[in-house]
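Reader: Please walk me slowly through one part of this structure, and begin with the backbone before turning to the packing around it. I would like to follow which residue sits where and what surrounds it.

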Amino acid sequence: MVIIKPTPSFYNDDQLSAYLSLLGLSTIKGQPSLANLNKIVRGHLMTIPWENTQMHYESAGHMTVAPQAIYKRAVADRAGGSYCFGQQTLMLGMLLAMGYRAYGCTGRVNTAPEPTEVDFETRSHLVLLVQIPTPHLAPTETGNETYFVDVGFGLGIVRPMLLSHGEEMPGLFPSERHRVVKAYHPESRLDTTDPATVPFAEEWRLEINVARNGQELPQGTWRTLYQFSLHQYYLVDFEWLSVMVQSNPKSLFWNHLVVVLYTPAKGDSAEVGEKMGVKVMMGPKVTYREGGKYEVLKELKNEADRISALKEYFDIEYPLDAAVNVRNKNGALGPQSL
């Protein structure tokens, strides 16, 4: 069992207030309960886009992930979001400021094409572990529960998930489910037949019951999204891991400009309801999914189309001449002219 001690935040009270106001959740300040953790995760997903536009449209090609820099970009300036390291850094600081007990740990994304196989990258993903302070526990909670939170995976879990072997919860779309299980790395050299060795080898896998193409897998078949350990990582680690990811020619983010933003489903409250839709920009189109529905919102023929769509669908604004920064890169779209 993991016990997380209370830790001061790297954000102050005014920054927490601004963040909660941005999410439309000012009234929950000072109430770090599980119900409010759900609201924060949902509000964050629907307000701050998961994206890597800085890698492609800014001359430095550097993603904003440091605490004050991501706060400025996402909250103060409303200029956009980040990928996992920036998103989860912001979330971690705000949860600590709210009074939750939390820390960050890292995971390996599964890149295997077949649903039942695993082929893990190096550590390139950030997961948060969260516990509820005793005064804010619900009657059914003991205080020993640990939840993992992930607003940085793009299309991943959309609410806190209890860290318990075999735990399942619904995903965003019909029949979609996520499961978390204990697992070992397939290349581990530790002898797990020895009980004393097991805690050093044991990790956790987040799984989903659909294939990469969105088709539901046969009953009882699960595809691994990523695997993470419970070892604590720190802000300096997040920044250096981000440098590695953004400079890796094999990474998704190097080769593609991607944006994901969740939205309330029609007729559903942004704060209370469970149903959401999701807008995605990847490649030459912007798409929208809600329930079993799928539609193409816009076809993108060139960089001018994409820059326009970023503002229209995700409220991320770049000047047209920012396209010069993506020219001749793998993430470039269509003709190399505006």
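Author: Asparagine 328 is placed in the segment that follows α9, the helix of residues 303–314, and everything said about this residue and the others comes from a predicted model. The phi of asparagine 328 is near 70°, a positive value in a residue that is not glycine. Set beside this is a general expectation: outside glycine, most residues have a negative phi. Asparagine 328 has a relative accessibility of 69%, and because exposed means over 50%, the residue counts as exposed.

A second residue can be read in the same way. Arginine 78 also has a positive phi without being a glycine, with a value near 50°, and its place is the loop between α4 (67–76) and α5. Its relative accessible area is 38%, so arginine 78 is classed as partly exposed.

The loop of arginine 78 leads to the two helices on either side of it. α4 and α5 pack at an angle of about 95°, and their axes are 9 Å apart, which makes α4 roughly perpendicular to α5. On the α4 side the contact is made by Pro67, Ile70, Tyr71, Ala74 and Val75, and on the α5 side by Gly86, Thr89, Leu90 and Met94. Sorted by character, the residues of this contact are seven nonpolar and two polar, with no charged residue.

Arginine 73 is another residue of helix α4, and at a relative accessible area of 8% it is buried. Once neighbours within four places in sequence are left aside, the contacts of arginine 73 include Arg78, followed along the chain by Ala79, Gly80 and Gly81. Arginine 73 is also in contact with Glu51, Thr53, Gln54, Glu58 and Thr64, and with Tyr318.

Helix α5 (residues 84–98) packs against α2 (residues 34–45) as well, here at an angle of about 150° and with the axes 12 Å apart. The two helices are therefore roughly antiparallel to each other, and their crossing is right-handed. The contact brings Leu37, Ile40, Val41 and His44 of α2 together with Gln87, Leu90, Met91, Leu95 and Met98 of α5. The residues of the contact of α2 with α5 divide into seven nonpolar and two polar, and none is charged. Leu90 thus appears on the α5 side of this contact, having also been named on the α5 side of the contact with α4.

Within α2, valine 41 deserves a separate look. Valine 41 is buried, with a relative accessible area of 1%, and beyond the residues up to four places away in sequence it touches Met91, Val149, Val151, Val158, Arg159 and Pro160. Valine 41 and arginine 78 are 37 residues apart in sequence, and their C-alpha atoms are 18 Å apart in space.

From the helices the account can pass to the strands by way of histidine 125, which lies in β3 (residues 120–131) and is buried at a relative accessible area of 2%. Apart from residues up to four places away in sequence, histidine 125 touches Cys84, Phe85, Cys105, Thr106, Gly107, Val109, Asp150, Gly152, Phe153 and Tyr226. Serine 242 is 117 residues from histidine 125 in sequence, yet the two are 9.0 Å apart in space from C-alpha to C-alpha.

Strand β2 (residues 101–110) has nine of its ten residues buried, so the strand is largely enclosed by the rest of the structure. β2 runs antiparallel to β3 and is joined to it by nine bridges, with cysteine 105 standing opposite valine 127 in β3. β2 also pairs in the antiparallel sense with β9 (residues 223–228), over three bridges, and there glycine 107 has phenylalanine 228 as its bridge partner.

A further group of strands completes the view. An open sheet of five antiparallel strands follows the order β1-β10-β11-β12-β13. β1 (50–51) and β13 (293–299) stand at its edges, each with a single partner strand, so one side of each is left without a neighbour in the sheet. Inside that order, β10 (residues 258–264) and β11 (residues 276–282) run antiparallel and are joined by seven bridges, and threonine 263 stands opposite glycine 277 in β11.

Technical notes. Residues numbered from 1 in each chain as written. Predicted model: local features only at pLDDT ≥ 70, side-chain atom pairs only at ≥ 80, totals over all residues. Heavy atoms only, no water. Axes fitted to C-alpha atoms, helices over the stretch in contact; angles between N-to-C directions. Helix = DSSP H or I, 4+ residues; strand = E, 2+ residues; numbered from the N terminus. Parallel < 35°, antiparallel > 145°, perpendicular 65-115°, else oblique. Left-handed = near helix turned anticlockwise from the far one by under 90°. Contact = heavy atoms within 4.5 Å. Nonpolar A, V, L, I, M, F, W, Y, C, P; charged D, E, K, R; others polar. Buried < 20%, exposed > 50% of the residue type's maximum accessible area, 1.4 Å probe, protein only. Pairing = 2+ DSSP bridges.
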